[in-house]
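Me: I am new to this structure and would like to go through it by question and answer. Please show it to me.

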Amino acid sequence: MVENVFLFVPNVIGYVRLVCLLLAWFSFKSPIAFVLFYSIFAILDAVDGAVARRLSQTSAFGAFFDIFLDNLGRGLLWTGLFQVRMQLKMHALDQFCN
C-alpha cells in the first residue's frame, strides 16, 4: 500500500500553520490577534519537525513545504513591519507639515 505523503501528520501540522499564517495576515491591524496567530505558527514550526522525525514521516514534500511556510511567514512579518513603519512615517510627516 502506498502512503499518501500529503496526509502525513507533520504535513497536516503544516496545513494548520498555513491557516494560522493567513489568520495572522488578515488580523494584522489587531496586534493581539496577530501575535496569537503568529506565535502559534512559530511554535508549530518547531513541533512539525520533531513529529516528522519521531513518526518517521519525513518526505521531500514535507521539507519543501516547511521551508516554503517559513519563508512565507518571514515575508508576512517583514511586509507587515514595513507597512507599520510607513504609516508611522506618514503620521510623523503629517504632524510636521500641519
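**Helices, surface and one loop residue**

Reply: In this predicted model, the chain over residues 5-26 is 82% helix and 0% strand, with its end C-alpha atoms 29 Å apart. Over residues 32-51 the chain is 100% helix and 0% strand, and there the end C-alpha atoms are 28 Å apart.

Me: What feature does UniProt place at residues 5-26 and 32-51?

Reply: The two stretches are mainly or fully helical, at 82% and 100% helix. The unreviewed UniProt entry gives both of them one feature name, "transmembrane region".

Me: How far does helix α1 reach from its first C-alpha to its last?

Reply: Helix α1 covers residues 9-26, which is 18 residues. At 1.5 Å a residue the expected span is 26 Å, and the model comes close to it, at 26 Å.

Me: How wide an arc do the buried residues of α1 cover around the axis?

Reply: The buried residues in α1 are P10, N11, I13, G14, R17, C20, L21 and A24. They lie on the same side of α1, because the arc they cover around the axis is only 160°.

Me: Is F26 buried or exposed?

Reply: F26 lies in helix α1. With L22 and W25, F26 forms a nonpolar surface patch of about 360 Å² accessible area together. A residue counts as exposed over 50% relative accessible area. F26 has 70%, so F26 is exposed.

Me: Which residue other than glycine has a positive phi near 55°?

Reply: The residue is found in the loop between α2 (31-54) and α3 (60-97). At 65% relative accessibility it counts as exposed. The residue with this phi is S56.

Note on methods:
Residues are numbered from 1 along each chain as its sequence is written. This is a predicted model: local features need pLDDT of at least 70, side-chain atom pairs count only at pLDDT 80 or more; totals for chains, interfaces and linings use all residues. Side-chain values use heavy atoms; hydrogens and water are left out. Helices (H or I, at least four residues) and strands (E, at least two) are DSSP runs, numbered from the N terminus. The expected span of a helix is 1.5 Å times one less than its number of residues. Buried means under 20% relative accessible area, exposed over 50%, partly exposed in between (1.4 Å probe, protein chains only). The arc is that of the directions from the helix axis to the C-beta atoms. Patches are made of residues with over 30% relative accessible area and no salt bridge: like charges are joined within 9 Å, nonpolar side chains (Val, Leu, Ile, Met, Phe, Trp, Tyr) within 5 Å. Accessible areas come from the Shrake-Rupley method with a 1.4 Å probe; for residues, only the protein chains shown count as cover. A salt bridge is a side-chain nitrogen of Lys or Arg within 4 Å of a carboxyl oxygen of Asp or Glu. UniProt positions are given in the numbering used here, feature names are shortened, and annotations may be inferred rather than shown by experiment.
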